[in-house]
Amino acid sequence: SATAQPQPFHFDDTREIRFRFKEFGWVWSGSFKIRLDRREITMRLRHRMKGQTIIVTVEVRTTKKSATYLVVFQESSHPPFRLENHTMYPLSFGQTLSGLGSEDNDCDSLLLQYQNENFAWDEPESYRRTLLLKASGSVNNPKDVIFGRFPLDMIAPGTVLKLDSELFTAEVVADGPTRVLRISDASMPRI
């Protein structure tokens, strides 16, 4: 619990670690290493049964008096990314973790029409940090439309993205420290 006193636990700090909440249904976090050259790391945690997502920042603090780490898990006040859906279609998205042709496994989340959702990498230390984004099919067109794979860490705010579909537009804008990926219907005026 967020109000509980710090709890000591031991782990091998030379290997990757994962965590999850105690409540049944939470998925294990992505793996990460405790490194002194990086004080924090942000990742996405999901509850499979409730469809709940939380963006968590893991902060590592060292103490000068002893060779111990204080690892603090807290909900992120500024997520690294936010996805905005300004279309009439639900969007499927997720971190690309497998090879090409495995889009169904990588798109593990759904963003409904005219909604937005905070996002962080599931596996923040993976060399494959790209977002796979596609529009879910409709009754008239049951086939999914893949927009593309986007390395969000590398895209500067103010960038208009080239999508694999001419029916939609995409741009990255800044909202404080958060990069916002905005998907819009190409027939609508830009926001």
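**Exercise 1.** In this predicted model, is Ser184 buried or exposed? Work out where Ser184 sits and what it touches.

*Solution.*
- Start with the area: Ser184 has a relative accessible area of 13%. The cut-off for buried is under 20%, so Ser184 is buried.
- Next, place it: Ser184 belongs to strand β12, which covers residues 178-185.
- Now look around it. Leaving out residues up to four places away in sequence, Ser184 is in contact with His86, Thr87, Leu167, Phe168 and Thr169.

**Exercise 2.** Count the aromatic pairs, then classify Phe19 with Phe32 and say which parts this pair ties together.

*Solution.*
- The count gives 9 aromatic pairs.
- For Phe19 and Phe32, the ring centres are 6.2 Å apart and the planes make an angle of 85°. Over 60 degrees counts as edge-to-face, so that's our label for Phe19 and Phe32.
- Both Phe19 and Phe32 lie in the segment before β1 (40-47), so their pair ties together parts 13 residues apart in sequence.
- As for exposure, Phe19 and Phe32 are both buried.

**Exercise 3.** Do the same for Phe81 and Phe119: which kind of pair do they form, and which strands does it tie together?

*Solution.*
- Centre to centre, Phe81 and Phe119 are 6.2 Å apart, with 45° between the planes, making the pair tilted.
- Phe81 is in strand β4 (residues 81-86) and Phe119 in strand β7 (residues 116-119), so this pair bridges parts 38 residues apart in sequence.
- Phe81 is buried at 4% relative accessible area, and Phe119 is buried at 0%.
- Finally, zoom out: ring pairs join Phe81, Phe93, Phe119 and Trp121 in a cluster.

Definitions and conventions
Residues numbered from 1 in each chain as written. Predicted model: local features only at pLDDT ≥ 70, side-chain atom pairs only at ≥ 80, totals over all residues. Heavy atoms only, no water. Phe/Tyr/Trp six-rings, centres within 6.5 Å; stacked < 30°, edge-to-face > 60°. Helix = DSSP H or I, 4+ residues; strand = E, 2+ residues; numbered from the N terminus. Buried < 20%, exposed > 50% of the residue type's maximum accessible area, 1.4 Å probe, protein only. Contact = heavy atoms within 4.5 Å.
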